[in-house]
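Please walk me through this structure, beginning with its aromatic side chains and then moving outward to the chain as a whole.

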Amino acid sequence: SAITLTANVTTSITAVASTSDADGAGDIRSATGTIYRSGVSATSSCGAHTMNCYQLATSSCTFTDSTSTVQCTAEIYYFADATDASSSYSSQNWLAKITVRDASDATGSSSTSSGVELNTLVAIDVTPATISYGTLSASSTSGSTNQTSTIKNAGNATTTLQISGRA
């Protein structure tokens with residue numbers, strides 16, 4: 001299913017692979033992974049980048065000696081490139097590759113053959129969330145006590161905002 005991000009935080013995405021080893025799954029010693037946007041590279045050898053390529057170290061991958069199932073997890077940033085129909089990369093998707101190494105230093109890998117979409121996230125972050133002008137009488141102004149807010153993009157969509165405010 002499609003990946004849905006959350007504003008201003010990372011989202012955990014896990015790739016799972018089944019491996020086999022002629023020596024037996026018990027001697028698998030390490031696993032690494034890559035989760036990436038398909039247009040970044042024809043292979044998973046893309047350079048690490050928070051927008052489109054997550055290289056996963058052994059510490060991001062888990063397996064047990066008694067199973068051949070490997071899981072690698074990446075924390076995908078909220079501003080990672082969307083690939084759904086409304087995005088700039090609608091003809092692409094996100095893929096994963098997991099590589100394992102055994103005690104004999106033999107390696108094997110598994111890649112996704114079809115990827116998943118990463119949804120567009122339209123979100124803003126307004127700080128502070130509330131503005132306090134104190135107590136004002138009707139028809140009065142706050143004088144020199146002006147309040148400001150900061151508005152930042154908290155998603156992965158480029159949007160044009162028209163902001164106005166009244167008290």
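Rings of Phe, Tyr and Trp, the last represented by its six-membered ring, are taken to pair if their centres lie within 6.5 Å. In this predicted model, Tyr 77, Tyr 78 and Phe 79 form one aromatic cluster on that basis.

A search of the whole structure finds 3 aromatic pairs. In one of them, the rings of Tyr 54 and Trp 94 have centres 6.3 Å apart and planes at 45 degrees, so the pair is classed as tilted. This pair links distant parts of the chain, since Tyr 54 belongs to strand β3 (residues 53-56) and Trp 94 to strand β6 (residues 94-102), with their positions 40 residues apart in the sequence. Tyr 54 is buried, with a relative accessible area of 8%, and Trp 94 is likewise buried, at 3%. Tyr 78 and Phe 79 also form an aromatic pair, here edge-to-face, with 5.0 Å from centre to centre and 80 degrees between the planes. Tyr 78 has a relative accessible area of 18% and counts as buried because the cut-off for that class is under 20%, whereas Phe 79, at 24%, is partly exposed.

Trp 94 reappears in the surroundings of Cys 53, a residue of strand β3 that is buried with a relative accessible area of 1%. Leaving aside neighbours within four places in sequence, Cys 53 is in contact with Thr 34, Ile 35, Tyr 36, Cys 46, Gly 47, Ala 48 and Trp 94. The C-alpha atoms of Cys 53 and Ala 80 are separated by 8.9 Å, although these two residues stand 27 residues apart along the chain.

From these local details one can turn to the whole chain. The protein has 0 helices and 9 strands, and from the N terminus on its elements run β-β-β-β-β-β-β-β-β. The radius of gyration is 23 Å, well over the 15 Å that the globule rule gives for 167 residues, so the protein is more spread out than a compact globule. Along its principal axes, the C-alpha trace spans about 85 × 30 × 25 Å. Of the 167 residues, 30% count as buried, and of the contacts with a separation of 6 or more, 67% are accounted for by residues 24 or more positions apart. The protein exposes about 10,100 Å², of which carbon and sulfur atoms supply 47%. Its charged side chains comprise 6 positive and 11 negative ones, and the centres of the two sets lie 13 Å apart.

The backbone also deserves a careful look. Most residues other than glycine have a negative phi, and most peptide bonds are trans. Against that background, a cis peptide bond joins Thr 127 and Pro 128, with omega at about -5 degrees, and Pro 128 lies in the loop between β8 (124-127) and β9 (150-153). The loop between β8 and β9 also holds Ser 139, which has a positive phi of about 70 degrees although it is not a glycine; at 80% relative accessibility, Ser 139 counts as exposed. Towards the start of the chain, Asn 8 is found in the segment before β1 (11-18), and its phi is near 65 degrees, a positive value in a residue other than glycine. Asn 8 is partly exposed, with a relative accessible area of 34%.

Methods. Residues numbered from 1 in each chain as written. Heavy atoms only, no water. Helix = DSSP H or I, 4+ residues; strand = E, 2+ residues; numbered from the N terminus. Rg over C-alpha atoms; globule rule 2.2 N^0.38 Å. Buried < 20%, exposed > 50% of the residue type's maximum accessible area, 1.4 Å probe, protein only. Contact = heavy atoms within 4.5 Å. Areas by Shrake-Rupley, 256 points an atom, 1.4 Å probe, with all protein chains shown as cover. Lys, Arg positive; Asp, Glu negative; His and termini not counted. Charge placed at Lys NZ, Arg CZ, Asp CG, Glu CD. Phe/Tyr/Trp six-rings, centres within 6.5 Å; stacked < 30°, edge-to-face > 60°.
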